[in-house]
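Here's a quick tour for anyone opening this one up for the first time. Have a look at the sequence and the fold, then come back for the notes.

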Amino acid sequence: MGTNTEINLSERFEAAFNRIHKALKQSAKKARTDKFYKLIEIQKNHSLIRLYEDDLYQFAKLRNAIVHEKIELDYYIAEPHLETVERIERIAEHFEKPKSALSIAATPVFYFYEDGKLSDVLAIINKFSHSQFPIYNRKEEYSWLLTSADIVKWMAEHFTEETIQLKKVQIKELFNKKSKHQITFVSKDTSIFDLEDLFEEYRSKNEKLEGIIVTEKGKPSEKPKGIITAWDLLEADAEN
């Protein structure tokens, strides 16, 4: 019979593997399979899976060896090393507790009302170098996104005028239907898996998702707590 240590290591490995498998099934909401290998394949756009892909395949092979070579309920022929068990347990924690939207979002977010002044936006750009500003109407609802590129374009179009009295220019004057940016909203607790799926969904439709605004419950009527771009996801990926 195997020792208690051997049994514990094998059981710990199985338990951690099952935790990862469960997390993969939960993140692949539309998957028509629950096979471990397939769940990895169809979710390679997820940063955690890309990061741990080699480990996951190795864990699957070892898990099969352990399960298929179990002679009795608590007796294993194949035995994982302690280092392997500790690693799969650490990885399981990452899959069970992926980064949240608010944890990777750019904060704080400066938002303005449509009847606000362009000069106030320029002051924020000058001080903080921010480049995206959610614009709200007086019903406290999100209306559109103003970017620093929009401002430069507008100023270039009005450069031929003798004078531009910036303190009198209202933000709503810069709204341009032709350059309206694609934005969506998520709650602050949305996982990085769901964020990556959103960007992938827009890419699959040949559309560009300019950014994701993070609010308390993901509603356009709530004030922004953070904003996420594809670049923020890449940075989060690099930090893993």
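Let's start inside a strand: Gln132, Pro134 and Tyr136 point one way from β4, while Phe133 and Ile135 point the other way, and all of them are buried. Keep in mind that this is a predicted model. The notes below begin with the whole chain and then go through the strands and helices.

**The whole chain**

- The protein chain has 9 helices and 8 strands in its secondary structure.
- Of its 240 residues, 40% count as buried.
- The chain exposes about 14,200 Å², and carbon and sulfur atoms supply 49% of that.
- Take the contacts in the chain with a separation of 6 or more: residues 24 or more positions apart account for 66% of them.

**The sheet around β4**

- Strand β4 belongs to an open sheet of 3 strands, in the order β3-β4-β5, and the pairing is mixed.
- The edges are β3 (112-113) and β5 (142-147), each of which pairs on one side only.
- On one side, β3 and β4 (residues 132-136) run parallel and are joined by 2 bridges.
- There, Phe112 stands opposite Ile135 in β4.
- On the other side, β4 and β5 pair in the antiparallel sense, with 5 bridges between them.
- One partner to look up here is Leu145 in β5, which is bridged to Pro134.
- The hairpin of β4 and β5 has 5 residues between the strands, and Glu140 takes a positive phi near 65 degrees in it.
- As for cover, β4 is mostly covered, with 5 of its 5 residues buried.

**Strand β7 and its partners**

- Strand β7 (residues 211-215) is mostly covered too: 5 of its 5 residues are buried.
- Which way do they point? Gly211, Ile213 and Thr215 go one way from β7, Ile212 and Val214 go the other way, and all are buried.
- To get from β6 to β7, the chain passes through helix α8 (residues 192-204), and this β-α-β crossover is right-handed.
- Strand β6 (residues 183-187) pairs with β7 in the parallel sense over 5 bridges.
- If you want a spot to zoom in on, Thr184 has Ile212 in β7 as its bridge partner.
- β7 also pairs with strand β8 (residues 226-228), this time in the antiparallel sense over 3 bridges.
- In that pairing, Ile213 has Ile227 in β8 as its bridge partner.

**Helix α4, checked with a ruler**

- How far apart should the ends of α4 be? At 1.5 Å a residue, the 15 residues of this helix (residues 82-96) should span 21 Å, and the end C-alpha atoms are 21 Å apart, which agrees.
- The buried residues in α4 are Val85, Ile88, Glu89, Ile91, Ala92 and Phe95.
- Look down the axis of α4 and these buried residues fall within an arc of 165 degrees, so they line one face of the helix.

**Helix α7, with two sides**

- In helix α7 (residues 148-157), Asp150, Ile151 and Trp154 are buried.
- Those three cover an arc of only 100 degrees around the axis, which puts them on the same side of α7.
- Flip to the other side of α7 and you find Ala149, Val152 and Ala156, which are exposed.
- What do the buried residues of α7 pack against? Their packing partners are α6 (118-128) and β5.

**A closer look at Ile125**

- Ile125 sits in helix α6.
- Is Ile125 buried or exposed? Neither label fits: buried means under 20% and exposed means over 50%, so at 21% relative accessibility Ile125 counts as partly exposed.
- Leaving aside neighbours within four places in sequence, Ile125 is in contact with His130, Phe133, Ser148 and Ile151.
- Two of those names came up earlier: Phe133 is one of the buried residues of β4, and Ile151 is one of the buried residues of α7.
- Ile125 and Phe110 are 15 residues apart in sequence, and their C-alpha atoms are 9.9 Å apart in space.

Conventions: Residues are numbered from 1 along each chain as its sequence is written. This is a predicted model: local features need pLDDT of at least 70, side-chain atom pairs count only at pLDDT 80 or more; totals for chains, interfaces and linings use all residues. Side-chain values use heavy atoms; hydrogens and water are left out. Helices (H or I, at least four residues) and strands (E, at least two) are DSSP runs, numbered from the N terminus. The expected span of a helix is 1.5 Å times one less than its number of residues. Buried means under 20% relative accessible area, exposed over 50%, partly exposed in between (1.4 Å probe, protein chains only). The arc is that of the directions from the helix axis to the C-beta atoms. Two strands pair if DSSP finds at least two bridges between them. A crossover is right-handed if, with the strands pointing away from the viewer, the path from the first strand over the helix to the second runs clockwise. Contact means heavy atoms within 4.5 Å. Accessible areas come from the Shrake-Rupley method with a 1.4 Å probe; for residues, only the protein chains shown count as cover.
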